[in-house]
Amino acid sequence: VGTVAEPTATSDDGDKHGDKHGDDSDIDEWRRIGMSVFILGTGQFLAAWDEGPLWRSDNWGEDWTLVLDGSGNRSALARRGEAIYAGMSDGLYVSVDEGWTFSLVEGSPHSCNQVSASGDNLAMTCEGALWMHSGEEFREIDVSVDIESVAIAPSDPNFLVAGTVESGVLWSADGGLTVSF
């Protein structure tokens with residue numbers, strides 16, 4: 001199994017960080033914070049570093065292709081049916097061709113840094129708020145605290161758990177219609 005290396009970047013102090021990806025890399029500056037990898041199939045991945053674009057590899061990470069430029073977040077990748085969702089600073093993107101192309105989902109909230117999917121439900125944290133999408137409409141769930149992370153149970157698309165900044169964990173058993181701490 002190959003390893004994933006990030007493109008070379010030079011910090012303000014002149015230090016070099018990371019390794020060059022391959023001929024597909026045209027991104028000059030990166031900073032190493034964290035990385036999210038989404039497995040598509042054997043040797044096939046989508047990967048994003050904190051606040052960076054989305055890359056795809058079909059050969060165990062030997063070569064990478066830029067598939068979604070822009071500012072993203074490392075934990076914002078999820079699959080719902082045949083669709084793959086990617087949270088970025090300007091909203092939620094969707095791919096229906098196994099991650100080769102992405103289009104912005106109309107009406108999506110901005111700054112999505114966590115995305116989780118199960119069944120028809122999609123939950124995301126965007127700008128500190130908890131959002132649900134179960135069809136055509138986005139719905140903000142009013143919880144009066146900043147949300148940092150979210151996960152939907154694979155076995156029950158109506159059960160979700162969210163981590164808050166101030167109040168610990170909240171949960172919902174009805175797709176976010178009601179929440180409990």
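V161 is partly exposed in this predicted model, with a relative accessible area of 32%. The residue lies in strand β16, which covers residues 156-164. V161 also belongs to a nonpolar patch on the surface. Its companions there are V169 and W171. Together the three residues have about 250 Å² of accessible area. A residue needs over 30% relative accessible area to enter a patch, so V161 passes that cut-off at 32%.

**The sheet around β16**

β16 belongs to an open sheet of three strands. The order is β15-β16-β17, and the pairing is antiparallel. β15 and β17 stand at the edges. Each has a single partner strand, so one side of each is left without a neighbour in the sheet. Neighbouring strands are turned by 20° against each other on average, with direction ignored.

Take the β15 side. Strand β15 spans residues 147-153 and pairs with β16 in the antiparallel sense over six bridges. S149 has G163 of β16 as its bridge partner. A153 has D156 of β16 as its bridge partner. The two strands form a hairpin, with two residues between them.

Now the β17 side. Strand β17 spans residues 169-172 and pairs with β16, again in the antiparallel sense, over four bridges. Here L160 stands opposite S172 of β17. This pair of strands also forms a hairpin, with four residues between them. G168 sits in that turn and has a positive phi of about 80°.

**Nonpolar cores**

In soluble globular proteins, nonpolar side chains tend to be buried together. The largest nonpolar core in this model has 16 residues. Which of them touch the most other members? They are Y85, L92, V115, L122, M124, W131 and F138. Several strands each supply at least two residues of this core. They are β7 (72-80), β8 (83-88), β9 (91-95), β11 (112-118), β12 (121-126) and β13 (129-133).

There is also a second, separate core of 13 residues. Its members include F38, L40, L46 and L68.

**Salt bridges**

Side chains of opposite charge can pair when their charged atoms come close. The count of salt bridges here comes to two.

| Salt bridge | N to O distance |
|---|---|
| R56 and D58 | 2.9 Å |
| R79 and E98 | 3.3 Å |

Start with R56 and D58, whose side chains meet at 2.9 Å, N to O. Is R56 buried or exposed? R56 is buried, because its relative accessible area is 4% and buried means under 20%. D58 has 34% relative accessibility and counts as partly exposed. This salt bridge therefore joins a buried arginine to a partly exposed aspartate.

The other bridge joins R79 and E98 at 3.3 Å, N to O. R79 lies in strand β7, and E98 lies in the loop between β9 and β10 (103-104). The pair therefore ties together parts that are 19 residues apart in sequence. R79 is partly exposed, with a relative accessible area of 28%. E98 counts as partly exposed too, at 28% relative accessibility.

β7 thus appears in two settings. The strand supplies at least two residues of the largest nonpolar core, and R79 of β7 takes part in the salt bridge with E98.

Conventions:
Residues numbered from 1 in each chain as written. Predicted model: local features only at pLDDT ≥ 70, side-chain atom pairs only at ≥ 80, totals over all residues. Heavy atoms only, no water. Core = buried A, V, L, I, M, F, W, Y, C linked by side-chain atoms within 4.5 Å. Buried < 20%, exposed > 50% of the residue type's maximum accessible area, 1.4 Å probe, protein only. Patch = residues over 30% accessible without salt bridge, like charges linked within 9 Å, V, L, I, M, F, W, Y side chains within 5 Å. Areas by Shrake-Rupley, 256 points an atom, 1.4 Å probe, with all protein chains shown as cover. Salt bridge = Lys/Arg side-chain N within 4 Å of Asp/Glu carboxyl O. Pairing = 2+ DSSP bridges. Axes fitted to C-alpha atoms, helices over the stretch in contact; angles between N-to-C directions.
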